[in-house]
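Here is the note you asked for on this model. The points go from the overall fold to the pocket, the surface and the charged pairs.

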Amino acid sequence: MKETGMVRRIDELGRVVIPKEIRRTLRLKESDPLEIFTERDMLCFKKYSPVNSISDFADGVCSSLAEATGKLSMIVDTDRVLSAKGQLSREYAGKEILKEVSDVLEARRAVVMDANTDGSVKAITVDGANRFKNVFIAPAVSGGDIVGGVIICSEDNIGRENVALAEMCADILSRQF
């Protein structure tokens with residue numbers, strides 16, 4: 001665990017303010033759910049990821065999607081790639097997603113980003129390991145909250161049938177909550 005050097009007091013209602021710098025670094029927004037852990041004299045908060053709680057199921061969905069489409073497929077929460085299957089998948093699992101990808105999920109609309117749209121290649125993760133000409137992002141929404149999403153990446157056209165499969169997988173993930 002990393003020391004920040006910041007100290008905060010508990011108020012009369014038991015609240016503690018998380019400093020803005022830490023919230024920005026960890027991409028915490030107002031109303032984000034936090035999981036609370038304790039160990040001896042330590043208290044630890046972790047951003048809660050509902051999709052991570054069904055990681056084996058999400059991994060199976062991702063495998064099925066990659067096999068059906070023949071393309072790199074990913075299941076993400078709002079911060080990280082939880083599962084990646086297909087070509088180059090090892091370079092993505094566990095990596096932090098770009099803010100732009102997170103923003104697409106927050107918009108709650110499926111988006112196709114292709115070379116025809118703006119001519120640029122698209123990255124998914126912060127390290128920008130690989131870039132693709134075509135990316136499809138389908139958000140997974142449960143009870144009005146974004147729980148994650150499904151992403152397909154390809155150098156060639158993704159195709160309507162693969163878009164439909166990704167949207168179906170996002171819907172299946174949403175229904176787990």
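1. Helices and strands are here DSSP runs, with at least four residues for a helix and at least two for a strand, numbered from the N terminus. On that basis the predicted model has five helices and nine strands. Their order from the N terminus is α-β-β-α-β-β-α-β-α-β-β-β-β-α.

2. The C-alpha trace spans about 55 × 30 × 30 Å along its principal axes. Of the 177 residues in the protein, 38% are buried.

3. The largest pocket holds about 1900 Å³ of space. Its lining comprises 49 residues, and those nearest the centre are Leu26, Leu28, Leu34, Phe45 and Lys46. By class, the lining has 22 nonpolar, 18 charged and nine polar residues.

4. Which elements each supply at least two residues of that lining? They are helix H1 (20–25) and the strands E1 (34–39), E2 (42–47) and E9 (145–154). Strand E2 gives the most, with six residues.

5. On the surface, Leu34, Ile36, Leu43 and Phe45 make a nonpolar patch of about 390 Å². Strands E1 and E2 are the elements that give two or more residues to this patch. Leu34 and Phe45 were also named above among the residues nearest the centre of the largest pocket. Leu43 sits in strand E2. Its relative accessible area is 56%, and because the cut-off for exposed is over 50%, Leu43 counts as exposed.

6. The structure holds 13 salt bridges. One of them pairs Asp156 with Lys71, whose closest N and O atoms are 3.2 Å apart. This pair links distant parts of the chain, 85 residues apart: Asp156 is in the loop between E9 and helix H5 (160–174), while Lys71 is in the loop between helix H2 (55–69) and strand E3 (72–76). Is each partner buried or partly exposed? Lys71 is buried, at 10% relative accessible area, whereas Asp156 is partly exposed, at 43%.

7. A further salt bridge joins Lys95 to Asp127, with 2.7 Å between the closest N and O atoms. Lys95 lies in the loop between strand E4 (81–85) and helix H3 (99–106), and Asp127 in the loop between strand E6 (122–123) and strand E7 (131–132), so the bridge ties together parts that are 32 residues apart in sequence. Lys95 is partly exposed, with a relative accessible area of 28%. Asp127 is also partly exposed, with a value of 44%.

8. Asp103 and Lys99 form a salt bridge within a helix: their closest N and O atoms are 3.1 Å apart, and the two residues are four residues apart in helix H3, so about one helical turn separates them. Asp103 is partly exposed, at 37% relative accessible area, and Lys99 is exposed, at 52%.

9. Which residues are joined into one network by salt bridges that share partners? The network consists of Arg27, Lys29, Asp32, Lys47, Asp79, Glu96 and Glu106. As general background, side chains of opposite charge can pair when their charged atoms come close.

Notes. Residues numbered from 1 in each chain as written. Predicted model: local features only at pLDDT ≥ 70, side-chain atom pairs only at ≥ 80, totals over all residues. Heavy atoms only, no water. 1 Å grid on protein atoms, 1.4 Å probe; cavity = no way out; pocket = protein on both sides within 12 Å on 5 of 7 lines; lining within 4 Å. Points joined across faces, edges and corners; volume = space filled by probe spheres on them. Nonpolar A, V, L, I, M, F, W, Y, C, P; charged D, E, K, R; others polar. Patch = residues over 30% accessible without salt bridge, like charges linked within 9 Å, V, L, I, M, F, W, Y side chains within 5 Å. Areas by Shrake-Rupley, 256 points an atom, 1.4 Å probe, with all protein chains shown as cover. Salt bridge = Lys/Arg side-chain N within 4 Å of Asp/Glu carboxyl O. Buried < 20%, exposed > 50% of the residue type's maximum accessible area, 1.4 Å probe, protein only.
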